[in-house]
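Trainee: I am new to this structure. Can you take me through it piece by piece?

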Amino acid sequence: MYNTCMLRLKKNSDKYGKLVPIEGENDIPFKIKRVYYIYGVDRTVCRGFHAHSKLHQVLICVNGSVKIRLKNNSSEEIVFLEKPEEALYIGPMIWREMFEFSENAVLLVLASDYYDDNEYIRNWDKYVDLAESIFGKEE
Ligand code: T46
């Protein structure tokens, strides 16, 4: 799907444990301006249900697992995040829903900009109209 891809981070393993470094612009395709994490989510809960008009983000499930539904105006896919060295890049204009958080799941998110509620697109019909005007209508 356009504006999304999986990134594999370098995992350093030795007898003392594991370490995954993340450098903005080197390991991920933007400067990191904000970091947040989501945890303590019941398995029955679904979060997200929005797209961003400008924001670039990388999602890493650093503990446990979670499913991410990615949608645009013409297609949909589900990504299963379960490894701390696997990162999901989501660029602008991609609808996302996070669901089936495992017990103790911790979803770390790196973002390209500060929090701005005005930049969220939370209405699906509005999202489709906007996506079609940018990417064209799928027949
Ligand atoms: C996204 C997915 C993966 C802040 O005050 N600052 C922040 O940086 C963020 C991200 C949220 N908030 C507040 C806004 C809400 O009152 O935290 C509350 C929960 O946020 P929200 O309902 O937007 O959470 P999710 O899980 O639906 O979405 C979040 C991000 O907002 C979103 O950008 O892509 O995680």
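Trainee: Which residue in E10 does Gly 48 stand opposite?

Mentor: Start with the ground rules. This is a predicted model, where local features need pLDDT of at least 70 and side-chain atom pairs need 80 or more, while totals for chains, interfaces and linings use all residues. Numbering runs from 1 along each chain as its sequence is written, and side-chain values use heavy atoms, without hydrogens or water. Across from Gly 48, in E10, is Glu 97.

Trainee: How many bridges join E5 and E10?

Mentor: Strands are DSSP runs of E with at least two residues, helices are runs of H or I with at least four, and both are numbered from the N terminus. Two strands pair if DSSP finds at least two bridges between them. E5 and E10 pair in the antiparallel sense, and their bridges number 3.

Trainee: Which strands stand at the edges of the sheet?

Mentor: The open sheet has 5 strands, with antiparallel pairing, in the order E8-E7-E10-E5-E12. An edge strand has a single partner strand, so one side of it is left without a neighbour in the sheet. The edges are E8 (76–81) and E12.

Trainee: Is Arg 47 buried, exposed or partly exposed?

Mentor: Arg 47 lies in strand E5. Among its contacts (heavy atoms within 4.5 Å), not counting residues up to four places away in sequence, are Ile 38, Val 41 and Glu 97. Buried means under 20% relative accessible area and exposed over 50%, with a 1.4 Å probe and protein chains only; partly exposed is in between. At 37%, Arg 47 is therefore partly exposed.

Trainee: How far apart are the C-alpha atoms of Arg 47 and Glu 100?

Mentor: Along the chain, 53 residues separate Arg 47 from Glu 100. Between their C-alpha atoms the separation is 9.8 Å.

Trainee: How far apart are the end C-alpha atoms of helix H1?

Mentor: H1 covers residues 124–135, 12 residues in total. The expected span is 1.5 Å times one less than the number of residues. That gives 16 Å, which agrees with the separation of the end C-alpha atoms, 16 Å.

Trainee: What arc around the axis do the buried residues of H1 cover?

Mentor: Tyr 127, Val 128 and Ala 131 are buried in H1. The arc is taken from the directions from the helix axis to the C-beta atoms. These residues lie on the same side of H1, because their arc is only 100°.

Trainee: Which residues are exposed on the other side of H1?

Mentor: First, the buried side. The buried residues of H1 pack against E5 (47–52), E7 (66–71), E10 (95–99) and E12 (120–121). On the other side, the exposed residues are Asp 125, Asp 129 and Ser 133.

Trainee: How many residues of strand E6 are buried?

Mentor: E6 spans residues 57–63, 7 in number. The strand is largely enclosed by the rest of the structure, because its buried residues number 5.

Trainee: What is the bridge partner of Ile 60 in E11?

Mentor: E6 pairs in the antiparallel sense with E9 (residues 86–90) over 3 bridges, and Val 58 stands opposite Tyr 89 in E9. E6 and E11 (residues 106–111) also run antiparallel, joined by 6 bridges. The partner of Ile 60 in E11 is Leu 108.

Trainee: What is the angle between the planes of Tyr 115 and Tyr 120?

Mentor: Rings of Phe, Tyr and Trp (its six-membered ring) pair if their centres lie within 6.5 Å; planes under 30 degrees apart are stacked, over 60 edge-to-face, and the rest tilted. The count is 6 aromatic pairs. One of them is tilted: Tyr 37 and Tyr 39, 6.0 Å centre to centre, 35° between the planes. Tyr 115 and Tyr 120 are edge-to-face, 5.7 Å centre to centre, and their planes are apart by 65°.

Trainee: Which residue lies over the face of Trp 124?

Mentor: Ring pairs link Trp 95, Trp 124 and Tyr 127 into a cluster. A charge sits over a ring if NZ of Lys or CZ of Arg is within 6 Å of the ring centre and within 35 degrees of the ring normal. Arg 69 lies over the face of Phe 99. Over Trp 124, at 4.5 Å from the ring centre, lies Lys 71.

Trainee: What is the phi of Met 93 near?

Mentor: Met 93 lies in the loop between E9 and E10. At 4% relative accessibility, Met 93 counts as buried. Its phi is positive, in a residue other than glycine, and is near 65°.
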